[in-house]
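Trainee: Could we go through this model together, beginning with the terms and then turning to the fold?

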Amino acid sequence: MTSPTRPEIPRMEISRFENGENSESETLESPATDAVRAERESSEFAIADSEFADSTIADADVADSEFSGAEALFSEAEEPDPAIPVPGAGIRAEPTLSARVRRNRIIVGASLALIVVVVLGVVIGNLLVAGDGSTPAPGPGAIVEPTATAHPVNGFDRAAHSLDDPESPWVVVNKQRPIVPVDFTPPDLVAVKVPHTWAPLLRADAATAVEAMFAAATSEAGLSLESNSAFRSYASQVEVYTSEVKSAGVAAADLSTARPGTSEHQTGLTIDIGAENGACRFNVCFADTAEGQWLAANAWRFGYLLRYPADKVAVTGYEFEPWHFRYLGTDLSTELHSTGVSTLEEFFELPSAPTY
Ligand SMILES: [Zn+2]
């Protein structure tokens with residue numbers, strides 16, 4: 001526990017580990033110490049990020065009328081046969097010309113009437129489509145552009161759950177997307193029955209899944225895991241962040257500790273996991289341990305995501321945290337795994353959140 005590369009551990013936490021990293025002292029059970037021990041994350045000042053769902057209204061093409069063809073048919077007006085003698089031409093020519101004029105007028109009138117009918121039909125059709133606010137029905141030749149919120153994509157419905165509702169299993173929390181309301185408390189927190197350095201709470205589904213994951217690590221690989229932090233309240237995050245700012249300043253604190261209201265831990269869907277022997281606890285070297293490697297390879301099977309990958313600091317806003325896992329449910333974790341997308345921001349095409 002003497003690695004110099006441990007910016008994510010609050011200072012009080014570091015000193016505690018150095019005084020006996022695997023001792024599970026009673027002080028870990030106190031809420032205040034839990035709070036300090038908790039890594040980081042926060043922000044009452046972060047600006048809410050609202051999503052703007054693009055809606056695309058496809059232009060309905062006004063189909064070319066067949067009037068030109070109809071007109072062509074009509075325009076083949078019979079010419080008087082010059083071979084037929086026309087007695088009294090001066091007198092008979094007048095009725096012939098008048099008939100042609102009348103015929104032409106009828107043709108023009110009929111064509112105009114058809115045009116008016118079709119144009120009215122198109123206009124009324126568009127008004128009806130716009131009125132119900134839904135995607136316009138594509139007419140012949142109409143161009144229907146895909147919208148940004150189109151779903152499902154490749155069979156996976158990316159809009160199956162809210163990204164904003166803090167109770168949603170897919171809620172995305174980062175430095176640009178604070179929890180709303182900022183003091184949100186999950187509705188179904190339960191005790192997680194796993195080895196731990198202090199008593200962990202998670203939402204029911206996340207707790208069940210992590211218990212199964214810990215059991216599988218043991219049965220499949222003979223590994224023993226422990227929880228080092230799970231749900232953290234807004235109040236405890238205030239303590240963590242305030243303490244970090246006092247000791248390191250705002251700039252340094254923001255690199256490792258979430259401001260209150262922007263910590264994923266507040267959702268009750270996030271857990272920091274370590275090896276039960278304490279090796280590399282809250283340290284990037286956890287990624288090189290057997291426990292860290294097993295988790296990185298298998299967490300998706302249980303609905304979890306390694307939330308802050310080493311190569312996505314510019315996207316997530318956090319340095320590599322091989323111990324921090326976020327519950328999403330197996331539908332989404334499996335989709336992420338199979339598509340090779342490693343962050344929620346990228347998968348849902350949300351803005352990167354390197355800073356507040
Ligand atoms: Zn964490």
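Mentor: A nonpolar core is a set of buried Ala, Val, Leu, Ile, Met, Phe, Trp, Tyr and Cys residues joined through C-beta atoms within 7 Å. A residue is buried if 20 or more other C-beta atoms lie within 10 Å of its own, exposed if 12 or fewer, and partly exposed in between, with C-beta atoms placed from the backbone. Residues are numbered from 1 along each chain as its sequence is written. The model is predicted, so local features need pLDDT of at least 70 and side-chain atom pairs count only at pLDDT 80 or more, while totals for chains, interfaces and linings use all residues.

Trainee: What average pLDDT does the protein have?

Mentor: pLDDT is the predictor's confidence in each residue, from 0 to 100. It stays under 50 over residues 1–96, and pLDDT also stays under 50 over residues 123–150. Where pLDDT is low, the predicted coordinates should not be read in detail. In the protein, 57% of the residues score at least 70, and the average pLDDT is 73.

Trainee: In which order do the strands of the open sheet of four strands lie?

Mentor: Helices (H or I, at least four residues) and strands (E, at least two) are DSSP runs numbered from the N terminus, and two strands pair if DSSP finds at least two bridges between them. Three antiparallel bridges link β4 to β6, and three more antiparallel bridges join β5 to β6, residues 324–327. The pairing in this open sheet is antiparallel, and the order is β3-β4-β6-β5.

Trainee: Why do β3 and β5 each have one side without a neighbour in the sheet?

Mentor: β3 (225–229) and β5 (304–306) stand at the edges of the sheet, so one side of each is left without a neighbour, since each has a single partner strand.
Direction ignored, neighbouring strands of this sheet are turned against each other by an average of 40°.

Trainee: Which residue in β6 is the bridge partner of Ile271?

Mentor: Across from β5, Leu305 stands opposite Arg326, and Leu306 stands opposite Phe325. Both faces of β6 are covered, with His324 and Arg326 buried on one side and Tyr327 buried on the other together with Phe325. The bridge partner of Ile271 in β6 is Phe325.

Trainee: Which element gives the largest share of the largest nonpolar core?

Mentor: This core has 40 residues, and Leu202, Val210, Met213, Ala299, Tyr304 and Phe325 touch the most other members. The elements giving two or more residues to this core are α5, β4, β5 and β6. The largest share, seven residues, comes from α5.

Trainee: At about what angle to β6 does helix α5 run?

Mentor: Axes are lines fitted to C-alpha atoms, for helices over the stretch in contact, and angles run from 0 to 180 degrees between N-to-C directions; two residues are in contact if their C-beta atoms, placed from the backbone, lie within 7 Å. Not counting residues up to four places away in sequence, Met213 touches Ala299, Phe302 and Tyr304. Helix α5 (residues 204–221) lies across β3, β4 (270–275), β5 and β6, and its angle to β6 is about 130°.

Trainee: Is Cys280 buried or exposed?

Mentor: Cys280 is placed in the loop between β4 and α8 (290–298), and its phi is near 55°, a positive value in a residue other than glycine. Because Cys280 has 22 C-beta neighbours inside 10 Å, it counts as buried.
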